[in-house]
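Hi,

Here is the structure I promised to pass on. Have a look at it first, and my notes come right after.

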Amino acid sequence: MEFSCYSQRFVLVSLLLAVAGGVLVEGQGTRVGFYSASCPRVESIVRSAVQSHFRSDPTVAPGLLRMHFHDCFVNGCDGSILIDGAGTEKTAPPNLLLRGYEVIDDAKTQLEAACPGVVSCADILALAARDSVVVSGGASWAVPTGRRDGTVSQASDAANLPGFRDSVDLQKQKFAAKGLNTQDLVALVGGHTIGTSACQFFRYRLYNFTTTGNGADPSIATSFVPRLQALCPQNGDGSRRIGLDTGSVNRFDNSFFANLRDGKGILESDQSLWTDASTRNLVQRFLGIRGLLGLTFNIEFGRSMVKMSNIEVKTGTVGEIRRVCSKVN
């Protein structure tokens with residue numbers, strides 16, 4: 001992966017976001033450049049850690065992106081997903097397959113050496129999520145920082161995370177509860193353009209879903225069903241992982257939305273964004289369908305990520321700055 005164009009993409013997208021409005025880069029006490037005096041190398045250290053781990057294991061990119069999402073949707077973006085221990089968020093069923101913790105630990109170790117006790121784990125995760133998109137070919141955006149780390153992490157609080165069987169209406173409710181609108185929902189789900197899902201989370205769509213036809217979910221393209229059944233046999237290994245964006249699993253682009261249009265969404269919750277009329281228009285706009293006012297996915301994804309990263313953040317004297325991300329001080 002070539003990283004030489006990182007700075008150019010960062011400047012371009014950052015300018016576009018800034019022009020669109022200050023709310024995109026600041027909110028609830030966070031701001032771009034929070035560590036400019038106290039830890040000026042924070043972004044380069046986090047970026048270097050992400051790049052290094054990505055070179056040896058590309059799965060850390062979607063892992064870190066999901067981790068940030070799961071962190072923010074449970075008591076805000078406070079790094080509580082990183083805390084070890086019995087009954088913590090990390091042990092909740094939706095979080096058991098998250099990966100990339102070692103990247104955060106690596107970055108934290110380096111930052112503690114450079115500027116001890118200054119940079120929060122929550123901010124490291126927010127920056128790492130952005131950098132994961134960039135190493136996967138997506139555009140950058142300016143990440144507001146200044147979050148502090150939470151001290152509470154309970155698995156039970158993760159029960160209301162968006163799920164793979166959720167209807168569009170339920171997804172809208174969960175996103176709205178966090179201050180995110182329908183366009184944010186579609187844009188952020190578009191993050192599934194990178195990464196995989198285990199067969200156990202969608203195999204039910206392939207067998208005995210209906211009593212007619214081939215028994216599969218009718219929203220799946222008929223020609224696509226045999227391929228998925230071959231990858232995920234009815235009594236096969238439920239942990240086998242399948243790309244969420246067929247044909248572009250490791251590339252951050254808008255092809256995910258083309259797959260939804262073509263009936264090739266892997267998760268039921270993803271495919272429903274096309275089958276539900278209330279979100280289909282947004283999918284079409286991200287695809288640039290002729291006759292509709294198009295939306296640039298890379299730009300809108302960054303906008304929505306900034307909004308999400310400001311959910312219920314802890315700033316000022318609330319929370320703490322963890323010395324080790326997996327342990328409360």
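Below is what I found, going from the disulfides to the annotated sites and then the pocket.

One thing up front: this is a predicted model, so please read everything here in that light.

**Disulfides**

There are four disulfides in the structure. If you count the bonded cysteines along the chain, the pairing comes out as 1-4, 2-3, 5-8, 6-7. I'll go through three of the pairs.

Start with Cys39 and Cys115, which are joined with an S to S distance of 1.8 Å. Cys39 sits in the loop between α1 (6-20) and α2 (42-56), while Cys115 is in the loop between α4 and α5 (121-135), so this bond ties together parts that are 76 residues apart in sequence. Both of these cysteines, Cys39 and Cys115, are buried.

Then there is the pair Cys72 and Cys77, with the sulfur atoms 2.0 Å apart. The link between Cys72 and Cys77 is right-handed, at 120 degrees about the S-S bond. Cys72 and Cys77 are both buried as well.

The pair Cys121 and Cys325 has its sulfur atoms 2.1 Å apart. Its handedness is left, with -95 degrees about the S-S bond of Cys121 and Cys325. This pair links distant parts of the chain: Cys121 belongs to helix α5, Cys325 to the segment after α12 (297-309), and their positions lie 204 residues apart in the numbering. Why do I call Cys121 buried? Because its relative accessible area is 0%, and the cut-off for buried is under 20%. Cys325 counts as buried too, at 2% relative accessibility.

**The annotated binding site**

UniProt, in an unreviewed entry, lists Asp71, Val74, Gly76, Asp78, Ser80 and Glu89 under "binding site". These positions span 19 residues in sequence, yet no two of their C-alpha atoms are more than 12.4 Å apart, so they gather at one spot.

I took a closer look at two of them. Gly76 is in the loop between α3 (60-72) and α4 (101-114). With a relative accessible area of 0%, Gly76 is buried. Setting aside residues up to four places away in sequence, Gly76 touches Asp71, Ile311 and Glu312. Asp71 is itself one of the listed positions.

Glu89 is also placed in the loop between α3 and α4. Buried or exposed? Glu89 is buried, at 0% relative accessibility. Leaving out neighbours within four places in sequence, Glu89 has contacts that include Asp71, Val74 and Ser80, which appear in the UniProt list. Among the other contacts of Glu89 are Ile81, Asn95 and the run Val152, Ser153, Gln154 and Ala155.

**Pro162**

The unreviewed UniProt entry puts "binding site" at Pro162 too. Pro162 is in the loop between α5 and α6. At a relative accessible area of 22%, Pro162 is partly exposed. Beyond the neighbours within four places in sequence, Pro162 is in contact with Phe69, Phe73, Lys174 and Phe175.

**Thr145**

Thr145 also has its place in the loop between α5 and α6. Thr145 is buried, with a relative accessible area of 4%. Its contacts, not counting neighbours within four places in sequence, include Thr30, Arg31, Val32, Gly33, Phe34 and Tyr35. Asp123 and Leu127 are in contact with Thr145 as well.

**The largest pocket**

How big is the largest pocket? Its volume is about 940 Å³. The lining of the largest pocket is made up of 40 residues, and Arg66, His70, Pro94, His192 and Leu267 lie nearest its centre. The elements giving two or more residues to that lining are α3, α6 (168-176), α7 (182-189), β1 (196-198), α10 (268-275) and α12. The largest share comes from α3, with six residues. Sorted by class, the lining of the largest pocket has 24 nonpolar, twelve polar and four charged residues.

If you open the model, I'd begin with Gly76 and Glu89, both buried, and then turn to the pocket.

Cheers

Terms used
Residues are numbered from 1 along each chain as its sequence is written. This is a predicted model: local features need pLDDT of at least 70, side-chain atom pairs count only at pLDDT 80 or more; totals for chains, interfaces and linings use all residues. Side-chain values use heavy atoms; hydrogens and water are left out. UniProt positions are given in the numbering used here, feature names are shortened, and annotations may be inferred rather than shown by experiment. Helices (H or I, at least four residues) and strands (E, at least two) are DSSP runs, numbered from the N terminus. Buried means under 20% relative accessible area, exposed over 50%, partly exposed in between (1.4 Å probe, protein chains only). Contact means heavy atoms within 4.5 Å. A disulfide is a pair of cysteine sulfur atoms within 2.5 Å. On a 1 Å grid over the protein atoms alone, a cavity is a set of points where a 1.4 Å probe fits but cannot get out, and a pocket is an open set with protein on both sides within 12 Å along at least five of seven lines; lining residues have an atom within 4 Å of a point. Grid points are joined across faces, edges and corners, and a volume is the space filled by probe spheres set on the points. Ala, Val, Leu, Ile, Met, Phe, Trp, Tyr, Cys and Pro count as nonpolar, Asp, Glu, Lys and Arg as charged, and the others, Gly among them, as polar.
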